Amino acid sequence: MDTLIRCEDLKLGYGPHVLAEHLSFTINKGDYLCIVGENGAGKSTLLRTVLGLQKPLAGRIIVEEGLRHNQIGYLPQQTVVQRDFPASVREIVLSGCQGRCGWRPFYSREEKKIAENAMEKMEILPLAGECYRDLSGGQQQRVLLARALCASDKMLVLDEPVSGLDPKMAETMYNLVAKINREMGIAIVMISHDVREAIPCATHILHMGQVLFFGTAEEYRRSETGKLFLL
């Protein structure tokens with residue numbers, strides 16, 4: 001089993017303010033890890049810590065040799081300002097290749113092809129020339145998912161990717177993420193507030209809150225914590 005990231009006894013928070021502690025789990029190649037739990041439990045903080053955007057208060061994160069933080073595709077929660085970004089779909093998706101460029105001030109033919117393939121997988125290639133801010137919420141999320149795909153062929157980290165979408169668009173997004181995991185073998189780490197919708201595709205669950213749980217999706221369904229939240 002190829003381990004991508006191992007987290008050992010993490011404590012998360014800001015200064016004296018502790019959000020979560022004693023977090024231990026692994027992310028392996030091809031895993032679909034769904035992170036669930038109460039608001040304020042530190043789910044988004046955990047993602048930022050795993051990505052190296054902030055340091056844990058204690059514990060350690062072991063990243064596979066050869067997997068750099070800038071090679072992990074990341075789809076954060078969108079802000080109002082980001083939704084109004086005046087760039088084309090192609091430009092935004094291509095920007096996901098910046099980690100591949102190094103010091104080059106331009107994109108190579110290979111990187112442009114990677115972006116085109118990502119847009120095709122996300123079914124947005126016909127929108128390549130459109131302005132991002134003119135798209136619907138669901139289309140914008142597909143664009144950002146395509147951008148994240150350009151950054152990595154190993155692991156995607158998604159922070160509530162269906163937030164603000166209607167049920168139909170949310171279902172479409174979940175299906176696209178599951179397809180990426182199933183057909184491309186890319187590990188998925190996703191925060192979701194909708195446990196019932198997210199769990200069917202997940203291989204593993206990390207539940208954060210007053211009770212911590214990490215295990216397979218089936219183990220979570222049988223656990224007391226899982227039974228409570230899946231009511």
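**Exercise 1. In this predicted model, determine whether Glu 116 is buried, partly exposed or exposed, and identify the side chain with which Glu 116 forms a salt bridge.**

Solution. Begin with the accessibility of the residue: Glu 116 has a relative accessible area of 35%, and because the partly exposed class lies between the buried limit of 20% and the exposed limit of 50%, Glu 116 is assigned to the partly exposed class. Next, look for a partner of opposite charge: Glu 116 forms a salt bridge with Lys 113, with 3.9 Å between the closest N and O atoms. Then place the two residues in the fold: both belong to helix 5 (residues 109–121), and since they are three residues apart in that helix, about one helical turn separates them. Finally, check the partner, for which the relative accessibility of 44% makes Lys 113 partly exposed.

**Exercise 2. Find the salt bridge between Arg 222 and Glu 218 and state which residues are joined with them into one network.**

Solution. The first step is the distance, which is 3.6 Å from N to O between the side chains of Arg 222 and Glu 218. The second step is the position in sequence: the two residues are four apart in helix 9 (residues 217–222), and about one helical turn therefore lies between them. The third step is to extend the search to shared partners, whereby Glu 218, Arg 221 and Arg 222 prove to be joined into one network by their salt bridges. As for accessibility, Arg 222 is exposed at 52%, whereas Glu 218 is partly exposed at 40%.

**Exercise 3. Locate the two residues of the salt bridge between Glu 64 and Lys 154, and say how many residues apart they are.**

Solution. Start from the contact itself, in which the side chains of Glu 64 and Lys 154 meet at 3.8 Å, N to O. Now trace each residue to its element: Glu 64 lies in the loop between strand 4 (58–63) and strand 5 (73–75), while Lys 154 lies in the loop between helix 6 (137–151) and strand 6 (155–159). The two are 90 residues apart, and the pair thus links distant parts of the chain. In accessibility, Glu 64 is partly exposed at 28%, and Lys 154 is likewise partly exposed, with a relative accessible area of 32%. A search of the whole structure finds seven salt bridges.

**Exercise 4. Describe the surroundings of Lys 43, and state which side chain of opposite charge is nearest to it.**

Solution. Lys 43 is found in helix 1, which covers residues 43–50. Lys 43 is buried yet has no salt bridge, the nearest oppositely charged side chain being that of Glu 160 at 5.4 Å; because a salt bridge requires the nitrogen and oxygen to be within 4 Å, this pair is not counted as one. When neighbours within four places in sequence are set aside, the contacts of Lys 43 include Ile 35, Val 36, Ile 191 and Met 208.

**Exercise 5. Judge from the radius of gyration whether the protein is as compact as a globular protein of its length, or less so.**

Solution. The secondary structure comprises 10 helices and nine strands. For the 231 residues the globule rule gives 17 Å, and the radius of gyration of 18 Å is close to that value, so the protein is as compact as a globular protein of that length. Further values complete the description: buried residues make up 46% of the 231 residues, and, of the contacts with a separation of 6 or more, 67% are between residues 24 or more positions apart.

Notes: Residues are numbered from 1 along each chain as its sequence is written. This is a predicted model: local features need pLDDT of at least 70, side-chain atom pairs count only at pLDDT 80 or more; totals for chains, interfaces and linings use all residues. Side-chain values use heavy atoms; hydrogens and water are left out. The radius of gyration is taken over C-alpha atoms; the globule rule is 2.2 Å times the number of residues to the power 0.38. Buried means under 20% relative accessible area, exposed over 50%, partly exposed in between (1.4 Å probe, protein chains only). Contact means heavy atoms within 4.5 Å. Lys and Arg count as positive and Asp and Glu as negative; His and the chain ends are not counted.
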